[in-house]
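Please open the model in your viewer and keep the sequence panel beside it. The tour below proposes one selection after another and says what is to be found at each stop.

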2 protein chains.
Amino acid sequence: MIPEPIQRFIELFSKLPSLGPRQATRLAFLIAGKGKAEIRELAAALASLGALTSCAECFARYTPHTSHAAQNLCSICNTSDRAQNVVAIIERDTDRIAMEGTKKFRGRYLVIGEIGRAGILSPDQKMRIQHLKNSLVKRFGKAEEIILALNPSSIGDLQAESIAKELTGSASRVTRLGRGLPAGGEIEFADEDTLGGAIENRR
Amino acid sequence: MIPEPIQRFIELFSKLPSLGPRQATRLAFLIAGKGKAEIRELAAALASLGALTSCAECFARYTPHTSHAAQNLCSICNTSDRAQNVVAIIERDTDRIAMEGTKKFRGRYLVIGEIGRAGILSPDQKMRIQHLKNSLVKRFGKAEEIILALNPSSIGDLQAESIAKELTGSASRVTRLGRGLPAGGEIEFADEDTLGGAIENRR
């Protein structure tokens, strides 16, 4: 009953963590209802994601430029405009976009991928941290600061602890993002953890 | 900062009604993190949705088979196993999948696409209903039954009224799906509309 191309689409796309089978099904029929030219355009846009590569220093996905191909570095790791000895460790590329949006951070990043809820690091994640340590030792001795930019939650705390352990001796300061009231929030409606964090973090 | 292929993907995919910009961004990076072969496979699955076509009778999307190509009909409109003079009018292809899942309906469908909240039919939707009427007149005089299988809500009621007006004289019976308590539900926790429907619809 379900057309074969739709079934195939659902099968592949519902394996992606951000789409369930229900949404993949809706999406399949939505796309199938578009014109052939538009479908070709969507498929091409998706295919071109395969052109991205990982930065050799921070592991963020970026578009390789043939001119810098030898360096294999993203634009942030490749510039002297940024403090290369100040590093924010983040889980996702999208966290980097959020942080860049603030224009408040002038260091670089290390993208380590999503960490399990128990805070246990995968071999790949440990490898990335080790890679950062080696790079810091070689270039600066140690980092001026490493910010563990993980989510503000007890799970994030566990994850930060695991990473901090791996980083022993690699940085003058290891910090977390500040916790407190979100901009525009009202004290009355803040949950206990948020308000508690704001009290501890008062300035 | 955001790689060009990611931006392009977000731009195109966030226009699809079921994905917002945030989810399109997550999806883009998720896919970009996969291997080249897997990305090719996803793109091919998406591209192959372009092979689907609309059934000439019910407008559902289906895979055309070269052998029946002349008929341009989906498997449900193309079989004498189904009562062709009993028609469920539905908004989406996915509603058809849900109804087929029950194995309780032995008629055929008319897919008319999502109707606005005010129940006003688009010219294309009126054309599809007219197409059904012509087909019924030609083959049966009128339908034995037309089920307006719209969502059980006051919006669905408005939409059903609009369609019923267009159908005047085309069917011996025009019905809606039964309203009542969902299987496994508890009376105590049913909302007023649901319980009210169940009382009116008691058997």
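The stops run from a whole chain, through the pairing of the two copies, to a helix and a sheet.

Bear in mind throughout that this is a predicted model. Begin by selecting chain A alone, which holds seven helices and six strands, arranged along the sequence in the pattern α-α-α-β-β-β-α-β-α-β-α-β-α. The radius of gyration of chain A is 21 Å, well over the 17 Å that the globule rule gives for 203 residues, so the chain is more spread out than a compact globule. Turning the C-alpha trace of chain A onto its principal axes shows a span of about 60 × 55 × 30 Å. Of its 203 residues, 32% count as buried, and among the contacts that join residues at least 6 apart in sequence, 45% link residues at least 24 apart.

Now display chain B as well, and superpose the copies: a turn of 180° with a shift of 0.0 Å along the axis lays chain A on chain B with an RMSD of 0.0 Å. The two copies are thus related as by a two-fold rotation axis. To find this axis from the side of chain A, select A43(A), whose C-alpha, at 2.4 Å, comes closest to it among the residues of that chain. If you then colour the interface, you will find that 100% of the interface residues of chain A are also interface residues in chain B, so the copies meet through the same surface.

Next, select helix α1 of chain B, residues 4-13, and show the side chains of its buried residues, P5(B), I6(B), F9(B), I10(B) and F13(B). Seen down the axis of α1(B), these residues fall within an arc of 135°, so they line one face of the helix. What covers them includes α3 (36-47) of chain A together with α2 (21-32) of chain B.

Staying in chain B, move to the open sheet of four strands, which has the order β4-β3-β5-β6 with parallel pairing. Strands β4 (108-111) and β6 (171-176) of chain B stand at the edges with a single partner each, so one side of each is left without a neighbour in the sheet. Neighbouring strands of this sheet are turned by 25° against each other on average, direction ignored. Zoom in on β5 (residues 143-148) of chain B, which five bridges join to the parallel β6(B); here A143(B) stands opposite A171(B).

Finally, add helix α6 (residues 154-166) of chain B, which lies across β3 (86-90), β5 and β6 of chain B and runs at about 155° to β5(B).

Methods. Residues are numbered from 1 along each chain as its sequence is written. Chains are lettered from A and ligands numbered from 1 in the order in which they are written. This is a predicted model: local features need pLDDT of at least 70, side-chain atom pairs count only at pLDDT 80 or more; totals for chains, interfaces and linings use all residues. A residue is buried if 20 or more other C-beta atoms lie within 10 Å of its own, exposed if 12 or fewer, and partly exposed in between; C-beta atoms are placed from the backbone. The arc is that of the directions from the helix axis to the C-beta atoms. Two residues are in contact if their C-beta atoms, placed from the backbone, lie within 7 Å. Copies are superposed by least squares on the C-alpha atoms of residues with pLDDT of at least 70 in both. The radius of gyration is taken over C-alpha atoms; the globule rule is 2.2 Å times the number of residues to the power 0.38. Two strands pair if DSSP finds at least two bridges between them. Axes are lines fitted to C-alpha atoms, for helices over the stretch in contact, and angles run from 0 to 180 degrees between N-to-C directions.
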